Amino acid sequence: MGTERVRTDRLGLLLDQFDCAREQARVRLTGLGDAEYLWEPVPGCWSIRRRGEATTPRAFGPGEWVLDQGAPDIPASEYAEVARQAAGGMTVAKIAEDWSVSVERVEEVLRHTGPALPDDSPVTTIAWRLAHLHFCFAGQWEWTFGERRTDPKLLVDFTPEAGPALERFWSLLDRWRDSVAALTDEQLDTVGLSQYPYGSDPDDPYAAVLWGTNLEFIHHMAEIGVLRDLWAARGATHG
């Protein structure tokens, strides 16, 4: 995209950023097959699994296939986000509620000032990353533009097939983008326009929510890109 086509208003910048990231993601995901989609590069990966075969304590989904989710905690990789939430005015109690942890755990994280701890986040499959984004965007749409009634964890029927998963995901993103494109400046400034229940959305102006949603999409798609590179290079030998 040339700079002459870039909008400079708030909504335009956020939409252009999302559109560029989505187009790059479409190209990056071309040719994704089922085996690669479900590939577990190391033992203990999080993925999607049949309900009776789930190995994580809070795996969720409305159908036969569920998305792995572990015990409640704040991983080291999210300490900076917790600090940002606190600096932005969120109470410790609200942060604890959003992360499903104790107030004491949040206070422990906020007291951490030393070197970064090793990241204990699990390695995840491409299927997990896509499913995670799918349920997040489905929930964002439902709790901003929809009826605001259904738990986001019940909105997506996860599938072990890459083709249908991508088709449904791109369709959802089209609906979400169309709704976002119709927002007014007043709505962008509205605190609580999104009532998405897993995060700080109800406490933030919607422009900030959109910024965070773009970041979530970009960083997960970057991780999927790395997994695709590793899949392509698996078994390679080096001289």
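The following exchange concerns salt bridges and burial in a predicted model.

Modeller: Local features here need pLDDT of at least 70 and side-chain atom pairs count only at pLDDT 80 or more, while totals for chains, interfaces and linings use all residues. Residues are numbered from 1 along each chain as its sequence is written, and side-chain values use heavy atoms, with hydrogens and water left out.

Biologist: Why is the pair Asp 19 and Arg 177 called a salt bridge?

Modeller: A salt bridge is a side-chain nitrogen of Lys or Arg within 4 Å of a carboxyl oxygen of Asp or Glu. The closest N and O atoms of Asp 19 and Arg 177 are 2.7 Å apart, so the pair qualifies. Asp 19 lies in helix H1 (residues 10–28) and Arg 177 in helix H7 (residues 162–181), 158 residues apart; helices are DSSP runs of H or I, at least four residues, numbered from the N terminus.

Biologist: What makes Arg 177 buried?

Modeller: Buried means under 20% relative accessible area, exposed over 50%, and partly exposed in between (1.4 Å probe, protein chains only). Arg 177 has 19% relative accessibility and therefore counts as buried.

Biologist: Why is Glu 40 called partly exposed?

Modeller: Its relative accessible area is 34%, so Glu 40 falls between the two cut-offs. Glu 40 forms a salt bridge with Arg 49 (3.0 Å, N to O), and Arg 49 is buried at 15%.

Biologist: How do you know that Arg 105 and Glu 108 meet in a salt bridge?

Modeller: Their N to O distance is 3.1 Å, so the pair meets the rule. Both lie in helix H5 (residues 103–111), three residues apart, about one turn of the helix.

Terms used:
Helices (H or I, at least four residues) and strands (E, at least two) are DSSP runs, numbered from the N terminus.
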